[in-house]
Amino acid sequence: MILICGGAGYVGSHMVRALVAQGEKPVVIDSLRTGHKAAVHPDAVFVQGDIRDRATLDGILAGYPIDAVIHFAASTQVGESVQKPLEYFNNNVLGMQTLLEAMVAHSVRNLVFSSSAAVYGDPDTVPVTEDAPHRPTSPYGETKRIMEEMMRWVGPAHGIASVSLRYFNVAGAIADGSLGEAHFPESHLIPLILQVPLGRRKQITVFGDDYDTPDGTCIRDYIHVEDLADAHILALAYLRNGGRSDAVNLGNGAGFSVKEVIATAEKVVGKSIPSRIEGRRAGDPARLVASSAKAEAVLGWKPTRSDLENIVATAWNWHAKHPDGYER
Ligand code: UFG
């Protein structure tokens, strides 16, 4: 069985759904501080708890035949991490520490970890390959870097194999519109753009149009959340087949500017979406685009749903049906 830490969150809930579709019965642990109980598939075993609570982890690992863990449970807001670095070190780093201790105690050998492009900070060149220097520009990115390092040292000492999946910009929603992104407060570009046609926001603010990019706005690599879930399933199979510890980027390999994303949303929604240019947001790199060659070579992963229009259309399908997220 598979333990999903943070299975009530945005990516975690899509992951649980994908595993259930494969006939697995995952066990989910989630504190529900940012996750949503309604997002957890009813066929999963659900435990409300914090992974920093060793007794709760011990109860799960003693109670179910868990052979692999997928770890999504972490704080993820870059800006908040700058304001509250100690909360990020506590939740993310101590969370990983406690999880690894429990895995060692219960002889669980496989770990798939939700890492981030934030480990690279502002890369010198794009597309970014996995051997690019790790220079995080926020406490959030630093915690992900440290969590990867913890696995790198603990793995050989205790026989735990791990795959770190470094996500670029995750977006979109499951095709049937039953799961999607619901952050409070929301900080991500695509859901914020879609709040305009939903009548929740008058305009979208563009953070800077004076970057060294073709239209002056920042370029990001958007990857569909279901493609991301597929990569975790492949990483799990890779580890169960004896694959060695590794880290891979997950992106689409194509970059889109903020203005291009707004134009795509206007096309999908069929309405004009007013925008206003403001100053740059601190810490934003001009361009972040993944090389996903290694993900294809090591895991056999190829995104199939990450055409930008499809990403925005699935997000729109979710938000239009659930304008208040899981609350209504
Ligand atoms: N943006 C705007 N206006 C907004 C919100 C965002 O112009 O209202 C711009 C940002 O400046 C950025 C782009 O849209 O250029 C994407 O911003 P997001 O906040 O959606 O995503 P980020 O690229 O900042 O962050 C993502 C993940 C983080 C991860 C980071 C890696 O959400 O978890 O990539 O650098 F850490």
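**Exercise 1. Helices H8 and H10**

How are H8 and H10 oriented to each other: parallel, perpendicular or oblique?

*Solution.* The model is a predicted one.
- Step 1. Locate the pair: H8 covers residues 258-269, and H10 covers residues 308-321.
- Step 2. Take the axes. They come within 9 Å and cross at roughly 60°.
- Step 3. Apply the cut-offs. Roughly parallel needs an angle under 35 degrees, and roughly perpendicular runs from 65 to 115. H8 and H10 are therefore oblique to each other.
- Step 4. Add the handedness: H8 passes H10 in a right-handed crossing.
- Step 5. List the contact. H8 supplies Glu260, Val261, Thr264, Ala265, Lys267, Val268 and Val269. H10 supplies Leu308, Glu309, Val312, Ala313 and Trp316.
- Step 6. Sort these residues by character: eight are nonpolar, one is polar and three are charged.

**Exercise 2. Helices H1 and H7**

Find the crossing angle of H1 and H7, then describe their contact.

*Solution.*
- Step 1. H1 spans residues 10-21, and H7 spans residues 225-240. Their axes cross at roughly 60° and come within 9 Å.
- Step 2. Classify the angle: that value makes H1 oblique to H7.
- Step 3. Assign the hand. The crossing of H1 past H7 is right-handed.
- Step 4. Name the residues. From H1 come Tyr10, Val11, His14, Met15, Ala18 and Leu19. From H7 come Val225, Glu226, Leu228, Ala229, His232, Ile233 and Leu236.
- Step 5. Sort them. The contact of H1 with H7 has 10 nonpolar residues, two polar and one charged.

**Exercise 3. Helices H2 and H4**

At what angle do H2 and H4 pack, and how far apart are their axes?

*Solution.*
- Step 1. Helix H2 is residues 54-63, and helix H4 is residues 85-105.
- Step 2. The packing angle is about 35°, and the axes are 10 Å apart.
- Step 3. H2 passes H4 with a right-handed crossing.
- Step 4. On H2 the contact uses Arg54, Leu57, Asp58 and Leu61. On H4 it uses Thr98, Leu99, Glu101, Ala102, Met103 and Ala105.
- Step 5. By character, the contact of H2 with H4 holds six nonpolar residues, one polar and three charged.

**Exercise 4. The ligand site**

How many residues surround the ligand, and which are the closest?

*Solution.*
- Step 1. Count the surroundings: 21 residues.
- Step 2. Pick out the closest: His188, Thr205, Arg220, Arg281 and Asp284.
- Step 3. Check side-chain N or O atoms against ligand oxygens. For histidine 188 the distance is 2.8 Å. For arginine 220 it is 2.7 Å. For aspartate 284 it is 2.6 Å.
- Step 4. Test these pairs. A polar contact requires N or O atoms within 3.5 Å. The pairs of histidine 188, arginine 220 and aspartate 284 meet this cut-off.

**Exercise 5. Backbone exceptions**

Locate two cis peptide bonds and a positive phi outside glycine.

*Solution.*
- Step 1. Recall the background: most peptide bonds are trans, and most residues other than glycine have a negative phi.
- Step 2. Go to valine 126 and proline 127. Their peptide bond is cis, with omega near -5°. Proline 127 sits in the loop between strand E5 (110-116) and helix H5 (139-158).
- Step 3. Go to phenylalanine 184 and proline 185. A cis bond joins them, with omega about 0°. Proline 185 belongs to the loop between strand E7 (169-171) and helix H6 (189-194).
- Step 4. Go to leucine 32. Its phi is positive, near 65°. Leucine 32 lies in the loop between strand E2 (27-30) and strand E3 (45-48).

Terms used
Residues numbered from 1 in each chain as written. Predicted model: local features only at pLDDT ≥ 70, side-chain atom pairs only at ≥ 80, totals over all residues. Heavy atoms only, no water. Axes fitted to C-alpha atoms, helices over the stretch in contact; angles between N-to-C directions. Helix = DSSP H or I, 4+ residues; strand = E, 2+ residues; numbered from the N terminus. Parallel < 35°, antiparallel > 145°, perpendicular 65-115°, else oblique. Left-handed = near helix turned anticlockwise from the far one by under 90°. Contact = heavy atoms within 4.5 Å. Nonpolar A, V, L, I, M, F, W, Y, C, P; charged D, E, K, R; others polar. Near = heavy atom within 4 Å. Polar contact = N/O pair within 3.5 Å; in protein donor to acceptor, adjacent residues only side chain to side chain.
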